[in-house]
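Dear colleague,

Please find the structure we discussed below, passed on for your own examination. My findings follow directly after it.

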Amino acid sequence: MAVFRVGENIFVLETESFQYVLGVGSDGLLRHLHWGEKVQAKDFEIKVFDDINSNHSYLDVICQEYSPFGGKLFRDCAFKCQFSDGVRDAVFTFKDYSISDNTLKILLCDVHYQLEAELLYTVYADCNVIGRKAVIRNTGGNSILCEKIMSAELSFPEKCEYEIINSNGTWCGENQIVKQHLSGGSISFESRKGTSAHGNAPFFIANPCSENSEKVLFGVLEYSGNFKVTVSRDGFGVTRAMLGVNDFDFSVSLKSGEEFSAPWVYFGCSESLNEVSRIMNRFALKHIFPEQFREKPLPVLYNSWEATGFDVTAESQKELAEKAAEAGVELFVTDDGWFGERKDDFAGLGDWYVNKEKFPNGLSELITHVNELGMDFGLWIEPEMVNPDSNLYRAHPDWIYNFKTRTPSLMRNQLVLNLTKPQVKEFVFDFIDRLLGENNIKYIKWDMNRPFSEPGAENLENGKELWFLHTMAVYDIVDRLKKKYPETQFESCASGGGRCDYGAFRHFDEVWTSDNTDPVDRIEIQNGYALVNPTKAMRAWVTDVSAAPVSFKFNIAMQGALGIGMNLFSCDKETLALMREYVTLYKEYRDVIQFGDRYALMNLKDHMLNAVEFVNEKKNKAIVFVAAVHTKCMHRYFKVKLKGLDADSRYLVQIGEKKFQKSGSYLMNAGIERYFYGDYKNEIWTVNKISD
Ligand code: DGJ
């Protein structure tokens, strides 16, 4: 059983490889007791003690599962509110619990006010992941203003210092890994832009700095809006993480009977950083992605953006589509520029009707052509936005977020639509519904190209709720559309990877990783992405950016869901044929890449070589992408040790024309040695089991 109670007051959550234990003390406080190797839970004793001295309260010292601001808590809290009588102090004690299937629900209630905090824990035993979240409920008659509602508070098992890992990126430079040693104080990662954005990411990984082999800890938030992840280490050596909706410019007014359900956090622990990536990859494939395409491989797509920009016409797109089909593409996507008066980024957003000059016969002429070429058709939209130069804005200038005494700031000449207004939300749903209903569209690229500013929503009683409500509105629209059009895939894009998180993976089928398609930059962007994010969803294109050879570009782009964004008009026959070869190889190994385990074998920074391996579940098929940007004298011999194979089985390795057989143990422990000389050297190795 994955969830059980021991004695009266101990609750045990168990996955295949680790245990998480909590318990209720005689003071009624819910404590965190254990996170790590399995132990006999009946041995836990919950100590109730008084303040250590006049400066350090017991509340600051004990590890609660969910600490409200109240009483003698002076450290960071998971929850903060104000009751209608002005009291800003909450005291939660244990009230009740229930266990059903793999879920434990613990009910905490305030000792005076009718305020509940229900903590939910769901165990995904075979994935070695536990999900948890908090639901805050007002069961009384008066409103309660909640100013901070974290999804989870996680107390780390060891008193050692930890290296905290996240990313610190920008537009075109997403997923730049940062590792910070936390000896004391706090490190926060957050977004204040309306989406999870390009900067920090909604997760943490904590690598123990210890002589003992303590476990690597991780927590990932399922949310695409303003988030906050804080990791703090106190003077007693205890490290805690809080994950949830950002409390910056946030509050929720809970009226009588209302509740706020915080987003899920998924957490666990593992032997290595690399294994964290595999745990979360398997978990996303099994439990996160929308069901329609969960088990289906994603198609190889072509996207028009880098070839034609806004200059899309039926004729040019048809011609591109013909070339794309020759390269073996399965899904042809027309990007920005097909609608309204969209000649550049100054106009058109909001006017979601086909531009008749560019497409005199509507989209159907292009779609029919694409379908006749044997490909599906996909379309770009940016539903949350409006250009002031659009019919939509001229008709509804009040549909945007703004403060009435302020001039709304433009970014990329556009404004954010107020999706918390029901009529705006319905407008968005309706136009996409119409597009999908009238056309054979099998894929939607949902873009979002600017952060929110002047975040006013005069329609809301509490304007600070708009950040959360906006994100929920996006999810709701996508969910409804996916239900109505189950054969259409949705991609989450926000100026590249600005909405690339577990909230996106829950509602969309894939994400656009970055607007930076330079294959060298992509190596780091993709490696950072892979820390906790699933391979299958990571769209990666081969484009004309960079002077790297086509082989190098494919080597990098094939490590995700392959796409092509080259200007195929200027592509000669030989290049098209070469592209087709890579696309064919990709299709042959796509299941291994999109559904298999990813091993980061070597990286550019430490080894001057990027080596990434994917192995399928049966361990009988693997593919390895090896690439060096530049090789230096005396550093041209590389030994790459594979991982994840059956030690005793024999494998056929193919590198170009060269073929040889080796045992799994040899490939993993002795490795493959190669000599690389020059720039952009790269190889793709295929590894297939030939006998057990
Ligand atoms: C930003 C996206 O990331 C690009 O791929 C492209 O779709 C442009 N927007 C179009 O405006």
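In this predicted model, a polar side-chain atom of Trp380 sits 3.0 Å from an oxygen atom of the ligand. Lys445 also makes a polar contact with the ligand: a side-chain N or O atom of Lys445 is 2.8 Å from a ligand oxygen. Gly496 contributes through its backbone, where a polar atom lies 2.9 Å from an oxygen atom of the ligand. The ligand taken alone exposes 290 Å², of which the protein buries 98%.

The surroundings of the ligand comprise 13 residues, and those that come nearest are Asp335, Asp336, Lys445, Asp447 and Asp515. Sorted by class, this shell contains six charged, four nonpolar and three polar residues.

I then turned to the cysteines. The structure contains zero disulfides. Why is Cys77 not bonded to the closest cysteine sulfur? That sulfur belongs to Cys81 and is 9.8 Å from the sulfur of Cys77, which is too far for a bond. Cys77 is buried, its relative accessible area being 7%. Cys146 likewise takes part in no disulfide. The cysteine sulfur nearest to that of Cys146 is again in Cys81, at 5.6 Å, whereas a disulfide requires two cysteine sulfur atoms within 2.5 Å. Cys146 is buried, with a relative accessible area of 0%.

The last point concerns the packing of the interior. The largest nonpolar core has 120 residues, and the members that touch the most others are Trp338, Phe554, Ile564, Leu568 and Met579. Which residues does Ile564 touch, leaving aside those up to four places away in sequence? They are Leu301, Tyr302, Asn303, Ala327, Val329, Trp541, Val542, Phe554, Met579 and Val583. Two of these contacts, Phe554 and Met579, are themselves among the members of the core with the most such neighbours. Separate from this core is a second one of 64 residues, which includes Tyr66, Phe92, Leu108 and Leu243.

When you open the model, I would suggest beginning with the ligand and its contacts to Trp380, Lys445 and Gly496, and then proceeding to the two cores.

With kind regards

Terms used:
Residues numbered from 1 in each chain as written. Predicted model: local features only at pLDDT ≥ 70, side-chain atom pairs only at ≥ 80, totals over all residues. Heavy atoms only, no water. Near = heavy atom within 4 Å. Polar contact = N/O pair within 3.5 Å; in protein donor to acceptor, adjacent residues only side chain to side chain. Areas by Shrake-Rupley, 256 points an atom, 1.4 Å probe, with all protein chains shown as cover. Nonpolar A, V, L, I, M, F, W, Y, C, P; charged D, E, K, R; others polar. Buried < 20%, exposed > 50% of the residue type's maximum accessible area, 1.4 Å probe, protein only. Core = buried A, V, L, I, M, F, W, Y, C linked by side-chain atoms within 4.5 Å. Contact = heavy atoms within 4.5 Å.
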